[in-house]
Amino acid sequence: MASTKESRPISKFVSSIGSKTQGGNSKILATQPLNQTAKNMSYDTLIVGAGFAGSVCARELAEAGHKVLIIDKRPHIGGNAFDVLDKQGVLVHPYGPHIFHTNSENVFEYLSRFTEWRPYEHRVLAQVNGELYPIPINRTTINRLYDKDFKTDEEVSAFFEQVRTPCDPIKTSEDVVMNCVGADLCDKFFRGYTKKQWGLDLSELSAGVAARIPTRTNEDDRYFGDTYQYMPAKGYTAMFERMLDHPNIEVRLGTLMEDVKDKVPYRHLVYTGPVDAFFDFRFGKLPYRSLSFEHEHLAGIENCQPVGTINYPNDHAYTRITEFKHLTGQSHTGTSVVREYPQAEGEPYYPIPRPENEALYKRYRELADETPGVTFVGRLAEYRYYNMDQVVGAALAAVRKIT
């Protein structure tokens, strides 16, 4: 078995794995700095950021007749959802796994304009004391962990009722978990993972973080329960390529907002970056959690994990390992995985949900509301722990306001 590792920083990894997607290649994947011709043009809308928020806004505004310039500081489109073939030809997500799921028929039908889909239900196992258990916690988890033989939802519900620690009111993520499953399950599955992921104890995070993960009394081992669970058949980048393929859209990569803001005429700005950076950190920096990634290719192995992702709540410095072929359904003689290492510094990935952070964001939100000619949309611009479908929904709503 041959192993090839590509470690941090992510920028070097992205540039080294090439520019071909599973769907083919695209001229907009190459870095395209703003040239003199573009500087002499004028646009109805300048969009900063070519991820979900910016790309959806670009497409909708272009179809409404707007001349759009969309820029991104990175050398690729798609934001963190960017995917690409690695050196060995395996389709990977350089910025960690992105699994699409939604209950919104409107969002699903909108994205279906730009991609065919592959049905995929994500499954995750957590390693606890050297054994692998389904997460979210379900009947199988309880039976295997505690040597039980529960056969009904009612039996598992009664077990949870016995072990849980009632909390009222529920204010923190610790309250959520303890109120639901009690101290032992909390320590085995949640407390250590949360400490690594956020650099904080469960008691220091808002209740909404833990509330994202359900607890089940049946044997459903799917990580998500949404109506629509699919992956883009040819990858996310191919979907973004089709979304941005419009005569009214011009894409410029490797381009900072400072390169164009005062040099290219435009009537409206759509900003998807960190809202505190837009205002030069006037009230101080909003806290974000970052990640670093370690990619590895294992030659001659069809699969190295039984499921797409394995969580490590109590062992190792990384939080999880994802094997991409589970997600994509790709056939290949080898397999590629990624380990995720949460960290305090680096690219902002996750707004940290705490009351004091929300209070600081509200001050920036007030500034944003008072800034004419600018629309703020997306996870970083709105300081929200959005899923991909929620970003799409927010972008569609933002365009309705603009138009």
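How many of the residues of strand β10 (residues 228-232) are buried? In this predicted model, 4 of the 5 residues of β10 are buried, and the strand is described accordingly as mostly covered. The briefing begins with the pairing of that strand, then turns to a helix contact, to the salt bridges, and finally to one buried loop residue, T319.

**Strand β10 and its partners**

- Strand β6 (residues 100-102) pairs with β10 in the antiparallel sense, over 3 bridges, and within this pairing H101 stands opposite Q229 of β10.
- Strand β7 (residues 117-119) likewise pairs with β10 in the antiparallel sense over 3 bridges, with R118 standing opposite M231 of β10.
- β10, with 4 of its 5 residues buried, is thus paired with β6 and also with β7.

**Contact between helices α3 and α9**

- The axes of helix α3 (residues 52-63) and helix α9 (residues 236-243) come within 9 Å of each other and cross at roughly 30 degrees.
- Because angles under 35 degrees count as roughly parallel, α3 and α9 are classed as roughly parallel to each other.
- On the α3 side the contact is made by F52, S55, V56 and R59, while α9 contributes Y236, M239, F240, R242 and M243.
- Sorted by class, the residues in the contact of α3 with α9 comprise 6 nonpolar, 1 polar and 2 charged.

**Salt bridges across the chain**

- Side chains of opposite charge can pair when their charged atoms come close.
- The structure holds 26 salt bridges, among them the pair formed by R267 and D44, whose closest N and O atoms are 2.7 Å apart.
- This pair links distant parts of the chain, since R267 belongs to strand β12 (residues 266-271) and D44 to strand β2 (residues 43-48), and the two residues are 223 residues apart.
- R267 itself is exposed, with a relative accessible area of 65%.
- K73 and E347 also meet through their side chains in a salt bridge, with an N to O distance of 3.4 Å.
- K73 lies in the loop between β3 (68-72) and β4 (84-85), and E347 in the loop between β16 (335-343) and β17 (350-351), so this salt bridge ties together parts that are 274 residues apart in sequence.
- E347 counts as partly exposed, at 32% relative accessibility.

**A salt bridge within helix α7, and a network**

- In helix α7 (residues 173-198), K188 and D184 are 4 residues apart, which means that about one helical turn separates them.
- The side chains of K188 and D184 meet in a salt bridge, at 2.8 Å from N to O.
- The partners fall into separate accessibility classes, as K188 counts as buried at 18% relative accessibility, whereas D184 counts as partly exposed at 35%.
- Elsewhere, a network of salt bridges links E121, R123, R216, D220, D221 and R222.

**The buried loop residue T319**

- T319 is found in the loop between β14 (309-311) and β15 (320-323), and despite this loop position T319 is buried, with a relative accessible area of 0%.
- When neighbours within four places in sequence are left aside, the residues in contact with T319 are Y193, K196, Q197, I310, N311, Y312, E340 and P342.
- Of these contacts, Y193, K196 and Q197 fall within the span of helix α7 (residues 173-198), while E340 and P342 fall within that of strand β16 (335-343).

Note on methods
Residues numbered from 1 in each chain as written. Predicted model: local features only at pLDDT ≥ 70, side-chain atom pairs only at ≥ 80, totals over all residues. Heavy atoms only, no water. Buried < 20%, exposed > 50% of the residue type's maximum accessible area, 1.4 Å probe, protein only. Contact = heavy atoms within 4.5 Å. Salt bridge = Lys/Arg side-chain N within 4 Å of Asp/Glu carboxyl O. Pairing = 2+ DSSP bridges. Axes fitted to C-alpha atoms, helices over the stretch in contact; angles between N-to-C directions. Parallel < 35°, antiparallel > 145°, perpendicular 65-115°, else oblique. Nonpolar A, V, L, I, M, F, W, Y, C, P; charged D, E, K, R; others polar.
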